[in-house]
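Hi there,

Here is the structure I promised to pass on to you. Have a look at it first, and then read my notes underneath.

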Amino acid sequence: MEDIDKDILIRASQGDVQAFEEVYKVSSSFVYNVALRVVNNREDALEVAQEVFMIIYDKLKGFRFESSFKTWVYRITANYAINYAKKNSRAKTVPFEESFGEGAVESDIHGQMDQEHQGQLVEKLLAELNPDQRACVVLRDIQGLSYEEIAQALNININTVRSRLKRSREKLLSLRGKVDYEKV
Amino acid sequence: MKKCDHFKDLILTDYIDGQLGKGMAENLESHLLDCGDCRAFFKEIKNNVTAPLQQATRQPVPSELWSTIKQNIELKNQATSPITDLVERIKGLFIFPRLIPILASCILMFLAGSVTLNTIHLQQVKDQDQGEYLVSLLSPTGTATAADNNDGGTPIEHYFL
């Protein structure tokens, strides 16, 4: 996510809808994609993204520029999406074996796997993690945030970021028998 | 083996994420050259865990998202006209969180004041009693208190006096 000009932020904080649209344009891809990967469902992601932007619009009036706007957006998005996923996780998660049984996915990590299958694979891999682990993995592997940025966004210790990533990756590694990645 | 476990922990996190210091990274890389097991582990993590996620395509934001947000903002702005905003600000001055500290301060000041007055009063009574007692000791009849010189007192006191 790119940085946003302070003047735009000030105008948006005063209720200028055009300025807020600029804020939206810069941050919507991050907000929507994080929401989508954490809640793992398009309709829910839209609802989360919508709520996140309403929170940003409301709270922008009180934003004092003491912290980075980017970090602030990361924090609101990640926390709202995690809480949403925790509330709705039981109803939505499909067990990995059900959708990706033996030979169900034919994938090639070297770029030959078609986009649809790749999207499904990512979705199912993330569904195996709990919302806290999922948020860490999404922020790191998909959004490319540093450990420091993840720690700030989730308001956790940097070592907690490490341990969540470690456990998540161990869990994903344990699924390798269920998905034949090497098969073309 | 213990060394391998330590390196595998680093591979799973800091090394694969490029967050490991230069010295540690060089140390780990020289271990990878010697240890086939750790090398296979690194390859497996990279190919089967991080790569599929890193290659995940960014989904386009649905166009209806902004229109819904804009609609919600407009509704919100209509609901909060300048007059309602002013009313809210006035209400804000009288909300409980602000009254509580004021009330608590008043109660504390009242309690502190009454305790101080009570102490002063008790001290005065004590001083008065002591004064009367000393006067009664100095009096030749032992009945020199001002109160006793009056007609006051009980019949028994009158009898003995």
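Below is what I found, starting with each chain and ending with one pair of helices.

Before anything else, please keep in mind that this is a predicted model.

Let's begin with chain A. Its secondary structure consists of 9 helices and 0 strands, so if you write it out along the sequence you get α-α-α-α-α-α-α-α-α. Of the 184 residues in chain A, 38% are buried. As for contacts in chain A with a separation of 6 or more, 69% come from residues 24 or more positions apart.

Now for chain B. Here you will find 8 helices and 0 strands, and the pattern along the sequence reads α-α-α-α-α-α-α-α. Chain B has 161 residues, and buried ones make up 10% of them. Taking the contacts in chain B between residues at least 6 apart in sequence, 44% join residues at least 24 apart.

Finally, a spot to zoom in on: how do helix H8 and helix H9 of chain A pack? H8 covers residues 147-154 and H9 covers residues 158-174. Their axes lie 8 Å apart, at an angle of about 100°. Angles of 65 to 115 degrees count as roughly perpendicular, and therefore H8(A) and H9(A) are described that way.

Which residues meet there? From H8(A) come A:Tyr147, A:Glu148, A:Ile150 and A:Ala151, while H9(A) brings A:Ile158, A:Val161 and A:Arg162. Sorted by type, the residues of this contact are 5 nonpolar, no polar and 2 charged.

Happy exploring!

Conventions
Residues are numbered from 1 along each chain as its sequence is written. Chains are lettered from A and ligands numbered from 1 in the order in which they are written. This is a predicted model: local features need pLDDT of at least 70, side-chain atom pairs count only at pLDDT 80 or more; totals for chains, interfaces and linings use all residues. Helices (H or I, at least four residues) and strands (E, at least two) are DSSP runs, numbered from the N terminus. A residue is buried if 20 or more other C-beta atoms lie within 10 Å of its own, exposed if 12 or fewer, and partly exposed in between; C-beta atoms are placed from the backbone. Two residues are in contact if their C-beta atoms, placed from the backbone, lie within 7 Å. Axes are lines fitted to C-alpha atoms, for helices over the stretch in contact, and angles run from 0 to 180 degrees between N-to-C directions. Angles under 35 degrees count as roughly parallel, over 145 as roughly antiparallel, 65 to 115 as roughly perpendicular and the rest as oblique. Ala, Val, Leu, Ile, Met, Phe, Trp, Tyr, Cys and Pro count as nonpolar, Asp, Glu, Lys and Arg as charged, and the others, Gly among them, as polar.
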